[in-house]
Structures are given as C-alpha cells and as structure tokens.
Number of protein chains: 2
Amino acid sequence: MLSDGDWQMLLEWTRIKQIPKGTCLIKAGELVNHAYFCSEGLFRLFYSISDGREFNVAFTLENDFATSYGAMVTGGPSNFAIQAMEDSVVIEISYETMQKLMDKSHAWERFVRRSVERLYIRKEERERELLYLNAQERYEAFLVKYPGLEKRIPQYHIASYWGISPVSLSRLLHS
Amino acid sequence: MLSDGDWQMLLEWTRIKQIPKGTCLIKAGELVNHAYFCSEGLFRLFYSISDGREFNVAFTLENDFATSYGAMVTGGPSNFAIQAMEDSVVIEISYETMQKLMDKSHAWERFVRRSVERLYIRKEERERELLYLNAQERYEAFLVKYPGLEKRIPQYHIASYWGISPVSLSRLLHS
C-alpha cells in the first residue's frame, strides 16, 4: 500500500501536461526520459515502417501508463511513437524521479513492479491472441481489453492493431 | 544489492531439480505455481496450435528465468509449454516464496522488478524485429540475443522462432 508520504513524494516530483489530439508524446528514434500516466484521453503506440505503413501495437486509456518502457530503461532510442488520439491530460514523471521514488520506498518499487507485470502480461496475451484467435475472436478480445474504445477511434486503427485490412474488419463487423 | 540475509532466505525456500531433455517443465493448460532459474541447460517456450504446428516464442539459457509468468501472476492456465532441450538443472521457487521474499525485502522486490523488465524488453525487441528486420537480419539478431544457441538446437527450432519455414532458413544460411 502506498502511504500518504509516498503520494506526497509523487506530487512534488511530477507535473501535469495537456496533450492536444494528434501530438506525439514520444517520437520514434527519440531518447525517452519520462513515463506518462494518462488521467484523461487516449493514446496509441505505433510503429512506422519504411513504406509508410503504420502498425498500432497498443492503446493507453485513462488511468494507465504510456511510455516507451524499454527505451526508457535501457537508455536507447524508442522504436515506436506514442500519439494522443484525443485531447489528453497526463501526469509526467521522469525516469530519474521514478528511480528516486523506488530508492526511497519499497511501496513504490512494488507499484512499478506490478505496472511492468501488467505491461508484460498484455504482450503475452497479444502473442496468444495473434496465434490462436480468428478475426472475429480478436475483435471480441479487443472489446473486452479496451472497453468502449471501438466508439472512440476510426476502424482502420483497430484493423491496424490486428494486422488485418480495414476492408476485412468492416466486412466482419457487418456480416 | 541483495544482502547475505536475502540470499539465505532464497536458499532455505527453494530446491534444485534435474530436468531431463524433452521433459516439459510447464505444460500448456496447466496452472503455474513456480518460476525456475536455469543453472544448467536450455529450454524453449512454445505454443501448439490445433493443426499440430508449434511456435517457439523464446528460449531460456543458463542464468536466466523460465516460467509462464502471466499465468503464475494471474492464477490462470498457461497458454504455452516450457520444454528442456538438453538435460538441465533448475532452481525451483514457488510463487508463494517469491511473494514472501518480496514482502520481507525491498532488495528482492527490486530483483523481481528488474527480472520482469528484462522479460518485457525482450517482447518489445521481438515485436520490433518481426516488423522491421528481413530474414537475414533476424538471424543475426538471434545470434546476438542467444549466443551459441545456434550450435545447440536443430535449425527447424530457430525457423519456428522466426516464423519462417525451415527450408527458407536453410537457404538463407547457405546463400
């Protein structure tokens, strides 16, 4: 459990930012020094390949973290970008602050450990879903994982997440 | 840093197991109550699909952990199996023990946080490699990530990891 003191440290060491729709919180190729807690709005994490195609690999909704975690921890450049799909509000926390919080408090270390576990488990789930589920089942899994998101983003962003063409997704939804 | 006391707790609460080549440490569909530290040998993590095909998604070499982490943490069944590809030796640690270690020691909490980070970063890397690298580059990335592994396992297991046919991999290696 995080104590009042644990929360106090967080409030002193973070700041709130408005992120307009369309803005990239993190660009591909950039070094990453911050994580972002999404308090309002919505983000997509996506890769761009050389022929111009984009692949969404995850979404971040309210009350969840968005960052290029591997890049932040290893100090390398981000391989993907994170873009606001609505006007959004985030709490920005630097990696240095995260490390200070974890040094000072076992509870923060636990909080981060559990957050990383959640990130990891999502990747495991996506791996399983891509291997085992057909297009219809993937769409149903998407609805469960990201409740209400299908009403907030264009269908081609969902199709990109599942690696199917927008036409196939549209056919599926109207069959 | 883990103290002598931290290590002492580990030694009291774990046990060493011999795992003969071919044995599954974890089967798909099983509940998972343990993590395994591989001190000797080699494991593959793989999914089996209904037509009999198998997909390797990761390997565990010496001095690394093998488990179905998501299943262990969530209490659900494992979606994949973990099989010894050589006669192996593991240190078995129950999830209950892991939780006790983390409750008693900030240093163990940090150790687990970093281990999960490593797992997560590997998944991120694999995602990037599958999207951006051609077959030749994937093979080179494989050699860097798993040094010496190409001499210890049949080529079709490497092909399965990269989602290419054994024939394509063989052609690539002899071109």
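**Two chains, their sheets and the H4 pair**

Let me begin in chain B, where four strands form an open sheet in the order S1-S8-S3-S6, with antiparallel pairing. Strand S1, residues 15-19, and strand S6, residues 64-66, of chain B stand at the edges of this sheet with a single partner strand each, so one side of each is left without a neighbour in the sheet. From one strand to the next, the twist averages 35°. I should say at this point that what we are looking at is a predicted model, and I would ask you to keep that in mind throughout.

Inside that sheet, strand S3 of chain B, residues 34-40, runs antiparallel to strand S8 of chain B, residues 88-94, and 6 bridges join the two. To give you one position to find on the screen, B:Phe37 has B:Ile91 in S8(B) as its bridge partner. Helix H3(B) packs on the sheet, where it touches S3 and S8 of chain B, and the direction of H3(B) makes about 65° with that of S8(B).

From H3 we can move on to the next helix of the chain. Helix H3 of chain B, residues 95-104, packs with H4(B) at an angle of about 125°, and their axes are 5 Å apart; that angle makes H3(B) oblique to H4(B). H3(B) passes H4(B) in a left-handed crossing, and in the contact B:Met98, B:Leu101 and B:Met102 from H3(B) meet B:Trp108, B:Glu109 and B:Val112 from H4(B). By class, the residues of this contact are 5 nonpolar and 1 charged, with no polar residue.

Let me now turn to chain A, and to another sheet. This one is an open sheet of 4 strands in the order S2-S7-S4-S5 of chain A, again described by antiparallel pairing. At its edges stand strand S2, residues 24-26, and S5 of chain A, each with a single partner strand, so that one side of each has no neighbour in the sheet. Strand S4 of chain A, residues 43-48, pairs with S5(A) in the antiparallel sense over 6 bridges, and A:Ser48 stands opposite A:Glu54 in S5(A).

S5 also leads us to the contact between the chains, which takes 25 residues from chain A and 25 residues from chain B. On the chain A side, the elements that give two or more residues are strand S5 (54-60), helix H2 (69-74) and H4, and of these H4(A) gives the most, with 16 residues. The side of chain A that touches chain B has 13 nonpolar, 4 polar and 8 charged residues.

How, then, do the two H4 helices pack, at what angle and with their axes how far apart? Helix H4 of chain A and helix H4 of chain B, residues 106-132 in each, pack at an angle of about 25° with their axes 9 Å apart, which makes H4(A) roughly parallel to H4(B). H4(A) passes H4(B) in a left-handed crossing, and the residues of their contact divide into 8 nonpolar, 2 polar and 10 charged.

Finally, the symmetry: a turn of 180° with a shift of 0.0 Å along the axis lays chain A on chain B with an RMSD of 0.0 Å, and the two copies are thus related as by a two-fold rotation axis. Of the interface residues of chain A, 100% are also interface residues in chain B, so the copies meet through the same surface.

Key:
Residues are numbered from 1 along each chain as its sequence is written. Chains are lettered from A and ligands numbered from 1 in the order in which they are written. This is a predicted model: local features need pLDDT of at least 70, side-chain atom pairs count only at pLDDT 80 or more; totals for chains, interfaces and linings use all residues. Axes are lines fitted to C-alpha atoms, for helices over the stretch in contact, and angles run from 0 to 180 degrees between N-to-C directions. Angles under 35 degrees count as roughly parallel, over 145 as roughly antiparallel, 65 to 115 as roughly perpendicular and the rest as oblique. A crossing is left-handed if the near helix is turned anticlockwise from the far one by less than a right angle, and right-handed if clockwise. Ala, Val, Leu, Ile, Met, Phe, Trp, Tyr, Cys and Pro count as nonpolar, Asp, Glu, Lys and Arg as charged, and the others, Gly among them, as polar. Copies are superposed by least squares on the C-alpha atoms of residues with pLDDT of at least 70 in both. Two residues are in contact if their C-beta atoms, placed from the backbone, lie within 7 Å. Two strands pair if DSSP finds at least two bridges between them.
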